[in-house]
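Subject: Structure for your review

Dear colleague,

Please find below the structure that I am handing over to you. I would be grateful if you could read the notes after it with the structure open beside them.

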Amino acid sequence: MADNQQPRIVAIVDDDARVRESLKHLLYSAGIETRLFRSAEEALQTGELGSVCCLITDIRMPGIDGCELQRRVAATLPALPVIFVTAHPDDEIRGHALTQGAFAFLYKPVDGEEFLSTVDAAVKWRRERASVNCPTNRNQGGSRDVDR
């Protein structure tokens with residue numbers, strides 16, 4: 001649980017169900033709740049990004065890619081840290097994402113310890129930047145996968 005005992009909720013956007021599930025289980029082992037989305041469009045349409053502490057996204061996805069998702073999120077939720085996790089090393093995209101304010105840029109396969117440390121730092125950064133507690137999940141229902 002976080003320092004202030006508020007639940008930590010993280011959104012994961014990736015078109016690969018195995019990646020979503022793997023990251024979900026890793027975060028669950030650290031006491032972090034998740035919201036899973038198979039596309040950027042789905043994440044944006046649900047309106048749930050306003051209730052999470054951190055957004056984890058892939059770069060390459062059908063439809064809206066991770067960089068465009070980051071741009072749209074920054075326009076409406078500028079205090080929401082974005083962590084990219086990708087299997088495609090590309091210094092130009094990495095540099096662009098970081099210049100646009102990405103909190104971190106990690107490569108698959110991700111090191112579990114590094115991943116959890118990065119997410120923890122992002123959640124703390126979010127809370128400090130927002131100067132308020134991270135939004136809480138009033139339902140306390142644990143991780144939820146919005147795959148249908």
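The notes below go through one helix, a group of aromatic rings and a residue in another helix.

Please keep in mind throughout that this is a predicted model.

Helix 5

Helix 5 consists of 19 residues. From its first C-alpha to its last it reaches 27 Å, close to the 27 Å expected at 1.5 Å a residue. At the N-terminal end, D111 acts as a cap for helix 5: one of its side-chain oxygens lies 3.3 Å from the backbone nitrogen of E113.

The buried residues of this helix are F115, T118, V119, A122, V123, R126 and R127. They pack against strand 1 (9-13), helix 1 (17-29), strand 3 (54-57), strand 4 and strand 5. When you look at the spacing of such residues, it helps to recall a general rule: an α-helix has 3.6 residues a turn, so residues three or four places apart point the same way.

T118 may serve as an example from helix 5, which covers residues 112-130. Its relative accessibility is 13%, and because buried means under 20%, T118 counts as buried. Leaving out residues up to four places away in sequence, T118 touches I83, F103, A104 and L106.

The aromatic rings

A search of the whole structure gives 3 aromatic pairs. One of them joins F84 and F105 in a tilted arrangement, with 5.6 Å from centre to centre and 35° between the planes. F84 belongs to strand 4 (residues 82-86) and F105 to strand 5 (residues 104-107), so this pair ties together parts that are 21 residues apart in sequence. Both F84 and F105 are buried.

F105 also pairs with Y107, here edge-to-face, at 5.5 Å centre to centre and 70° between the planes. How buried or exposed are these two residues? F105 has a relative accessibility of 8% and therefore counts as buried, whereas Y107, with a relative accessible area of 29%, is partly exposed. Through these ring pairs, F84, F105 and Y107 are linked into a cluster.

L98 in helix 4

L98 is found in helix 4 (residues 91-99). With a relative accessible area of 31%, L98 is partly exposed. Apart from its neighbours within four places in sequence, L98 is in contact with A104 and F105. The C-alpha atoms of L98 and I83 are separated by 9.6 Å, and these residues are 15 apart along the chain.

Yours sincerely

Technical notes:
Residues numbered from 1 in each chain as written. Predicted model: local features only at pLDDT ≥ 70, side-chain atom pairs only at ≥ 80, totals over all residues. Heavy atoms only, no water. Helix = DSSP H or I, 4+ residues; strand = E, 2+ residues; numbered from the N terminus. Buried < 20%, exposed > 50% of the residue type's maximum accessible area, 1.4 Å probe, protein only. Contact = heavy atoms within 4.5 Å. Phe/Tyr/Trp six-rings, centres within 6.5 Å; stacked < 30°, edge-to-face > 60°. Expected span 1.5 Å × (residues − 1). Polar contact = N/O pair within 3.5 Å; in protein donor to acceptor, adjacent residues only side chain to side chain.
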